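Q: Could you take me through one part of this structure slowly, as if I were new to the subject? I would like to see how its strands pair up, and then how its aromatic rings sit together.

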Amino acid sequence: AGGTTAAPARVYFSQIGDGTTWSGRGTGYFDFGRDDGEAVEDITPFGGGLVVGKATSLHFLAGDNTDTFQTSQLAAGGAAPGRSVLATPYGCVIAGREMVFLYDGNTVTPIGRAIENSYGVASGEFVSLSYIDGSIYIADGANQKVFVFDLNAGVSIDPDKAFRRIDQASSPGKWKVVFFWPKDFTFVCPT
């Protein structure tokens, strides 16, 4: 469960395997960077733990039970509002407000340099990430664009190679399905 207005950096947890018992470690929650006043934007499982994205910081929660849980702030990055943190076979991709990052379990690396002049999430706007067959699709509500980044190809400083615009004329003769998940716990979210 996410934070509250009074504690936006708070993430509540249930007992492992029991989504009805919300207690543990004496408190049943973690505060991620509580002094910065920022809300948790998104959370996703990755590398035996959870990657937690906030506007100007990323955090990792490791451990396999309430006695061994440990939190750490990652050295770089930040997450935009929405479904902005996504685990892939290549690492955890994070769509920040001004940059796209890849966390490989050790290092957070900017991978969106090729699009930084056209990518940017306006305050209050949401992004949504999807992973399909080696490519990341970033739906950017602020710019009303979908950026496509081929993780198989690596990073290129040439925007025409790192990202491409998709429309009805892209890949003629092939079916296209693009699916994006709404932000968790909103009125359109199925959870």
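A: Here is a walk along one hairpin, followed by a look at the rings.

This is a predicted model, in which local features need pLDDT of at least 70 and side-chain atom pairs count only at pLDDT 80 or more, while totals for chains, interfaces and linings use all residues. Residues are numbered from 1 along each chain as its sequence is written, and side-chain values use heavy atoms, with hydrogens and water left out.

Let's start with strand β13, which covers residues 135-140; strands here are DSSP runs of E with at least two residues, numbered from the N terminus. Ser-135 belongs to this strand. Ser-135 counts as buried because its relative accessibility is 7% (buried means under 20% relative accessible area, exposed over 50%, partly exposed in between, with a 1.4 Å probe and protein chains only). Leaving aside residues up to four places away in sequence, Ser-135 touches Ser-130, Val-148, Phe-149, Asp-150 and Leu-151; a contact means heavy atoms within 4.5 Å. Ala-139 is in β13 too, and at 18% relative accessibility Ala-139 counts as buried. The C-alpha atom of Ala-139 is 6.5 Å from that of Leu-129, 10 residues apart along the chain.

Now for the pairing. β12 and β13 run antiparallel over 6 bridges, where two strands pair if DSSP finds at least two bridges between them. Across from Val-127 stands Asp-140 in β13. The two strands β12 and β13 make a hairpin with 2 residues between them, and Asp-133 in the turn has a positive phi of about 50°. Strand β12 (residues 127-132) also pairs with strand β7 (residues 82-83), this time in the parallel sense over 2 bridges. There, Gly-82 has Val-127 as its bridge partner in β12.

On to the rings. The whole structure holds 4 aromatic pairs; rings of Phe, Tyr and Trp (its six-membered ring) pair if their centres lie within 6.5 Å, with planes under 30 degrees apart called stacked, over 60 edge-to-face and the rest tilted. Among them, Phe-30 and Phe-32 have ring centres 6.2 Å apart and planes at 45°, so this pair is tilted. Both Phe-30 and Phe-32 are buried. The rings of Phe-60 and Tyr-103 have centres 6.1 Å apart and planes at 55°, so they form a tilted pair. That pair links distant parts of the chain, with Phe-60 in strand β5 (residues 57-62) and Tyr-103 in strand β10 (residues 100-103), 43 residues apart. Phe-60 and Tyr-103 are both buried. Finally, ring pairs link Phe-30, Phe-32 and Phe-69 into a cluster.

Notes
Helices (H or I, at least four residues) and strands (E, at least two) are DSSP runs, numbered from the N terminus.
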